[in-house]
Structure formats: C-alpha cells, structure tokens
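Visitor: I should like to go through a structure with you. Could you take my questions one at a time?

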Amino acid sequence: MEINWDLLREEAKLAMAKAYAPYSKFPVGAAALTDSGKIISGANVENASYGLGLCAECSLVSELFRQGGGKLVAFACVDGHGNALMPCGRCRQLLFEHRAPGMLLDTVSGIKTIDEVLPDAFGPEDLEIRK
Ligand code: THU
C-alpha cells in the first residue's frame, strides 16, 4: 500500500490543533493509515487530575475502533510545532497491539518499523503461548 507521509503529517497537525492540553500546554497530534486505506487521527486530552490525561495515541486507537477497526500500517505523530514526536513508551505498546505486519512510523530519526521502536515486545501472542 502506498504511504503518503506528507498527508499523514498534515492530518496529525490538524488533529494536534484540536488537542486539549491546558495543563502541559504541549499539544500532540497523531495520524495513521489503516490496512483498509483509511486515515485516522487523534489528539491528547488532558485532565485536571493530571495523571488521567490521554495521549494522542489513545484517542487515535479509539478512533480506529469507532471507524470499524483494522490494523495500523503507517503512523505519524507531531508536537505543537508540527515536528515529529516519538510516541511515549506506553503508546508504543498501544500501537504494537494494533499493528499491521511491518508497521512503519515517522520518527525523529527517519522511518522505522514498530519492531525497531519496541524491540522484543510483549504482545497478544505471549498470552496464547504462556497459557
Ligand atoms: N503525549 C502524547 O499525547 N503522546 C505521546 O506519545 C507523548 C506525550 C502528551 C501527553 C501530555 O498531554 C503531553 O503530551 C505532555 O506530556
């Protein structure tokens, strides 16, 4: 599947503009291409109870299911300046769960696979094997 990285980055920026980040003042936007060719996006949504804030990736995964589900083929995340931002550790795990084989990410050091940004990951397969 053809990946239009510029479009993904633009969609991430549009999402970032809708972030609710009054506490950190650090808006984040994320966008992904799914295996059915859809582009989905999400933004961070913070909370007065600081620890309850939702990352942009959480909002993106919710949107994935709201749009009928599927797997993530390519992913881009941007900060408030529109620059590439690495997903936090928790969100790498979140993305891993919903990856398409060979999922690609736009990172601060170029395009990388999900396995490169979360090596030897724990995932759904481990639950099956260790039963
Ligand atoms: N944030 C994200 O939305 N995604 C990440 O992967 C990194 C961090 C948000 C969480 C919080 O609202 C703000 O950035 C500052 O940490």
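Guide: What follows is a conversation about the fold, the ligand site and a few single residues.

Visitor: What kind of model is this, and how are residues numbered?

Guide: This is a predicted model, in which local features need pLDDT of at least 70 and side-chain atom pairs count only at pLDDT 80 or more, whereas totals for chains, interfaces and linings use all residues. Residues are numbered from 1 along each chain as its sequence is written, and side-chain values use heavy atoms, with hydrogens and water left out.

Visitor: Right, the sheet. In what order do the five strands come?

Guide: The order is 2-1-3-4-5, in an open sheet with mixed pairing. Strands (E, at least two residues) and helices (H or I, at least four) are DSSP runs numbered from the N terminus, and two strands pair if DSSP finds at least two bridges between them.

Visitor: Which are the edge strands?

Guide: Strand 2 (39-43) and strand 5 (110-113) are the edge strands, each pairing on one side only. On average, neighbouring strands of this sheet are turned by 20 degrees against each other, direction ignored. Axes here are lines fitted to C-alpha atoms, for helices over the stretch in contact, and angles run from 0 to 180 degrees between N-to-C directions.

Visitor: Do take me through the pairings. Are strand 3 and strand 4 parallel or antiparallel?

Guide: Strand 3 (residues 72-78) and strand 4 (residues 99-107) run parallel and are joined by three bridges. Phe 75 has Leu 105 in strand 4 as its bridge partner.

Visitor: And how many bridges between strand 4 and strand 5?

Guide: There are four bridges, and this pairing is antiparallel. The two strands form a hairpin with two residues between them, and Asp 106 has Ile 111 in strand 5 as its bridge partner.

Visitor: What about strand 1 and strand 2?

Guide: Strand 1 and strand 2 are also paired in the antiparallel sense, over five bridges. Ala 31 stands opposite Ser 41 in strand 2. Their hairpin has four residues between the strands, and Gly 37 takes a positive phi near 85 degrees there.

Visitor: Where is Ser 36, then?

Guide: Ser 36 is in the loop between strand 1 and strand 2. Ser 36 is exposed, with a relative accessible area of 53%; exposed means over 50%, buried under 20%, and partly exposed in between, with a 1.4 Å probe and protein chains only. The C-alpha atoms of Ser 36 and Lys 71 are separated by 8.1 Å, although the two are 35 residues apart along the chain.

Visitor: On to the helices. Which strands does helix 1 lie across?

Guide: Helix 1 (residues 5-16) lies across strand 1 (29-34), strand 2, strand 3, strand 4 and strand 5, at about 50 degrees to strand 3. Helix 3 (residues 89-97) lies across strand 3 and strand 4, running at about 145 degrees to strand 4.

Visitor: And what do the buried residues of helix 2 pack against?

Guide: They pack against strand 1, strand 2, strand 3 and helix 3, where contact means heavy atoms within 4.5 Å. The buried residues of helix 2 (residues 56-66) include Leu 60, Val 61 and Leu 64. Just after helix 2, Gly 68 takes a positive phi of about 110 degrees.

Visitor: New topic: which residues surround the ligand?

Guide: Among them are Ser 24, Phe 26, Val 28, Asn 44, Glu 57, Met 86 and Cys 88, where a residue counts as near if one of its heavy atoms lies within 4 Å.

Visitor: What polar atoms lie by the oxygen atoms of the ligand?

Guide: A polar side-chain atom of Asn 44 lies 2.9 Å from an oxygen atom of the ligand, and one of Glu 57 also lies 2.9 Å from a ligand oxygen. A polar backbone atom of Cys 88 is 2.8 Å from an oxygen atom of the ligand. The protein buries 77% of the 380 Å² that the ligand exposes when taken alone, with accessible areas from the Shrake-Rupley method and a 1.4 Å probe; for residues, only the protein chains shown count as cover.

Visitor: Is Val 28 buried or exposed?

Guide: Val 28 is buried, with a relative accessible area of 8%, and lies in the loop between helix 1 and strand 1. Leaving aside residues up to four places away in sequence, Val 28 touches residues including Met 16, Asn 44, Ala 56 and Leu 85.

Definitions and conventions
Polar contact = N/O pair within 3.5 Å; in protein donor to acceptor, adjacent residues only side chain to side chain.
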